[in-house]
Amino acid sequence: MKLKVMYDNEAEGGLESDWGFSCLIEEGGRKLLFDTGASDSILARNMEKLGITREEIEVIALSHEHWDHIGGLNAVLHPDVVVYVPTSFTAATKKKLRRNVAELREVSGPEEIMAGIHTTGELGAGIKEQSLVLDTRIGEMVLTGCAHPGLDTIMDAARIFGDIGGVMGGFHGFDKLELLNGLEKIIPCHCTVRKTEILERYPGVAVKCAAGKEIEV
Ligand SMILES: [Zn+2]
Ligand SMILES: [Zn+2]
């Protein structure tokens, strides 16, 4: 499984950085886009540099309704795409999506989205969010948007799919770093407050996140 960071607070290889997050997952020739960053023009330019067209994206999964995750939607919507959102998304966003995509699927509980790619379902008491759980050769890889429900809560929910081998995405204020002990891959992106600390604490395991980064798991 290949993960390509399309949008992040950091960038490399000539891509643009901006506050937000988007990651493309490629598995068996199929492509799923997780979140879309904040700006459709930045996302479009980053996609162009990486040679990705919107029509190649079969499925879009949106973690939560914050602007830095759904702001780039206009760069990737197309009539054949299927979009997964937490059921708590506002009626206005759902309406816009229904008008522009093949199908809108509302997520409440855990389910499989594509072969080897699952959603935790909608989690959190405050800001509701779904995360993805990917079957990889290092075990389950958890992919988060901002991890508003708490990365520990998300990891607990992800374990129904198997042992967790890695975590990636925005971890927000997550500070129970010891819960990351024993993982094979840790990729703190976007809003992760303790990014530097995580990179220093897990050398060889933690990988710096940036738009343009490609990770094979
Ligand atoms: Zn957020
Ligand atoms: Zn965010």
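This is a short dialogue about a predicted model of a protein.

Student: What makes the protein as compact as a globular protein of its length?

Tutor: Start with its parts: 5 helices and 13 strands. The radius of gyration is 16 Å, and the globule rule gives 17 Å for 217 residues. The two values are close, so the protein is as compact as a globular protein of that length. Of the 217 residues, 47% count as buried.

Student: Why are residues such as Leu151 and Ile154 of helix 4 called buried?

Tutor: The test is a count: a buried residue has 20 or more other C-beta atoms within 10 Å of its own. In helix 4, residues 151-158, those called buried are Leu151, Ile154, Met155, Ala157 and Ala158. So each of these five reaches that count.

Student: How do you know that they line one face of the helix?

Tutor: Look down the axis of helix 4. The buried residues fall within an arc of 160°, so they line one face. They pack against strand 9 (132-136), strand 10 (139-144) and strand 11 (164-170).

Student: What makes strand 7 and strand 12 edge strands?

Tutor: The open sheet has 6 strands, in the order 7-8-9-10-11-12, with mixed pairing. Strand 7 (111-114) and strand 12 (185-189) each have a single partner strand, so one side of each is left without a neighbour in the sheet.

Student: Why are strand 7 and strand 8 said to pair?

Tutor: Pairing needs at least two bridges. Strand 7 and strand 8 (residues 117-119) have 3 bridges, in the antiparallel sense. So they pass the test. In one bridge, glutamate 111 has threonine 119 of strand 8 as its partner.

How values were computed. Residues numbered from 1 in each chain as written. Chains lettered and ligands numbered in written order. Predicted model: local features only at pLDDT ≥ 70, side-chain atom pairs only at ≥ 80, totals over all residues. Buried ≥ 20, exposed ≤ 12 C-beta atoms within 10 Å, placed from the backbone. Helix = DSSP H or I, 4+ residues; strand = E, 2+ residues; numbered from the N terminus. Arc of directions from axis to C-beta. Contact = placed C-beta atoms within 7 Å. Rg over C-alpha atoms; globule rule 2.2 N^0.38 Å.
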